[in-house]
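Trainee: Could we go through this structure together? I would like to understand how each label is earned.

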Amino acid sequence: MSTHEDHPPRDRRTRRADVARLAGVSPATVSFVLNRTAGQTISDETRQRVLQAAAELDYRPNRAAQGLRQGRSATIGFVSHDIDFGVFAAAAIKGAHEASVRHGNLLVLVNTGGSNRQAAQLVGELLDRQADALIFAVAGTRSVTLPDDAARVPTVLLNCFVPGDPFPTILPDEVRGGREATQALLDLGHRDIAYLTGTASVWATKARLRGFREALRGAGLDPRRSTVLSGNYHADSGYELSRKLLQRSPRPTAIMCGNDRMAFGALLALLEAGVRVPEDISVMGYDDQFELAAEIHPALSTVRLPYDAMGRLAAEQLAAGGPALQGGRTVVHCPLVLRASTAPPAGGPAGA
């Protein structure tokens, strides 16, 4: 039972000695328990007393002092190498933040505005402030020029890569995502599937298209006989390309889209033409874009970009250290999300 005298005055920060006094143990024991020091024999009863005392006193370790002793600051710099913090960056940040907090690390966010010069300056400033590690992230998967200073600390690349993959690199499994989205349409009975891709030169476009073709070949279909039209990842191209598709005969029974915005454009074009979705033509998006895919009518079947899981994995790798920080790529599954915009073709599969 604690007494008034066991608690520190309200006008000063709680110290480790205060926790030790309340728990009836030495300050060293408090340190061993709170830092989870390996190799120490401490009973469960003592451990619980220390934890209870720390909670009662709202004790927070002095991270600056710990950093001086341990040579680390428990700070991870999250470098967003884009024009601004977008929806997908927010998901990655959320995942990285949750994992960082769980491991006792602080996540510090900076944004480069997409400038390599600004990236080099901000990385240098993070390291000057004793950041222990970095997560370097972009929203659209691509090759990046990494600031030289990033090699000074453990660095994980998130949704981007450099030649040779000398850093641990986390990417979405776009090939599998494209394959599973196509397979979902094939499983519904579709055999005439048109694909409206995003920008042809983009890494994700090439990977998703590869998955599309793999699924068709797996179903015994010739990918060269499928209609593939290149767009720009914006709604206007989904709209215009869908209008072109509707002029063809026969019309496809399903349309794969490069992303959800293109799918939104496709839905507008089909609606204008009096084509019912999914009764006449099914539509599949990609990204599971927040406040779009699930909110439009019909709700969009799509593939979710796992940015939250990717951000979480990046922070987990930095916390684990060692082999987890070896160079090479880790791909993260992009889950399929089936909603109301896809259904079996009205007349059943061709040749049925």
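Mentor: Gladly. Keep in mind that this is a predicted model. Let's begin with one residue pair: Leu 157 has Thr 169 in β5 as its bridge partner.

Trainee: What makes β4 and β5 a pair of strands?

Mentor: Two strands pair if there are at least two bridges between them. Strand β4, residues 155-161, and strand β5, residues 168-172, have 2 bridges and run in the parallel sense, so they meet the cut-off of at least two.

Trainee: And how do you know that β3 and β4 pair?

Mentor: The same kind of count applies. There are 6 bridges joining β3 to β4, again parallel, and the cut-off is at least two. Within that pairing, Arg 142 stands opposite Cys 160 of β4.

Trainee: Where do these strands sit in their sheet, and which strands are at the edges?

Mentor: The order is β2-β1-β3-β4-β5-β11, an open sheet of 6 strands with parallel pairing. β2 (106-111) and β11 (328-332) are called edge strands because each pairs on one side only. On average, neighbouring strands of this sheet are turned by 25° against each other, direction ignored.

Trainee: What makes β4 a mostly covered strand?

Mentor: A residue is buried when its relative accessible area is under 20%. In β4, 7 of its 7 residues are buried. Helix α11 (residues 307-320) lies across β1, β3, β4, β5 and β11.

Trainee: How would you classify the direction of α11 against β4?

Mentor: Helix α11 runs at about 155° to β4. Angles over 145 degrees count as roughly antiparallel, so the two are roughly antiparallel.

Trainee: Why are α2 and α3 called roughly perpendicular?

Mentor: Helix α2 (residues 27-34) and helix α3 (residues 44-56) pack at about 90°, with axes 10 Å apart. The range for roughly perpendicular is 65 to 115 degrees, and therefore the label fits α2 and α3. Their contact includes Val 30 and Val 33 of α2, and Val 50 and Leu 51 of α3. By class, the residues of this contact are 6 nonpolar, 2 polar and 1 charged.

Trainee: There is also an open sheet of 4 strands. Which of its strands stand at the edges, and why?

Mentor: That sheet has the order β7-β6-β8-β9, with parallel pairing. β7 (228-230) and β9 (282-284) each have a single partner strand, so one side of each is left without a neighbour in the sheet. The twist from one strand to the next averages 15°.

Trainee: How do you know that β8 and β9 belong together?

Mentor: Strand β8, residues 254-257, is joined to β9 by 3 bridges, and at least two are needed. In one of these places, Ala 254 has Ser 282 of β9 as its bridge partner. Helix α8 (residues 203-218) packs on the sheet, touching β6, β7 and β8, at about 170° to β6. Helix α7 (residues 174-188) lies across β6, β8 and β9 and makes about 170° with β8.

Trainee: Why does Cys 257 form no disulfide?

Mentor: A disulfide needs two cysteine sulfur atoms within 2.5 Å. The closest cysteine sulfur to that of Cys 257 is in Cys 334, 17 Å away, which is too far for a bond. For Cys 334 the closest is in Cys 160, at 16 Å, again too far. The structure holds 0 disulfides.

Trainee: Are Cys 257 and Cys 334 buried or exposed?

Mentor: The cut-off for buried is under 20%. Cys 257 has 2% relative accessibility, so it counts as buried. Cys 334, at 1%, counts as buried too.

Conventions: Residues are numbered from 1 along each chain as its sequence is written. This is a predicted model: local features need pLDDT of at least 70, side-chain atom pairs count only at pLDDT 80 or more; totals for chains, interfaces and linings use all residues. Side-chain values use heavy atoms; hydrogens and water are left out. Axes are lines fitted to C-alpha atoms, for helices over the stretch in contact, and angles run from 0 to 180 degrees between N-to-C directions. Contact means heavy atoms within 4.5 Å. Angles under 35 degrees count as roughly parallel, over 145 as roughly antiparallel, 65 to 115 as roughly perpendicular and the rest as oblique. Ala, Val, Leu, Ile, Met, Phe, Trp, Tyr, Cys and Pro count as nonpolar, Asp, Glu, Lys and Arg as charged, and the others, Gly among them, as polar. Buried means under 20% relative accessible area, exposed over 50%, partly exposed in between (1.4 Å probe, protein chains only).
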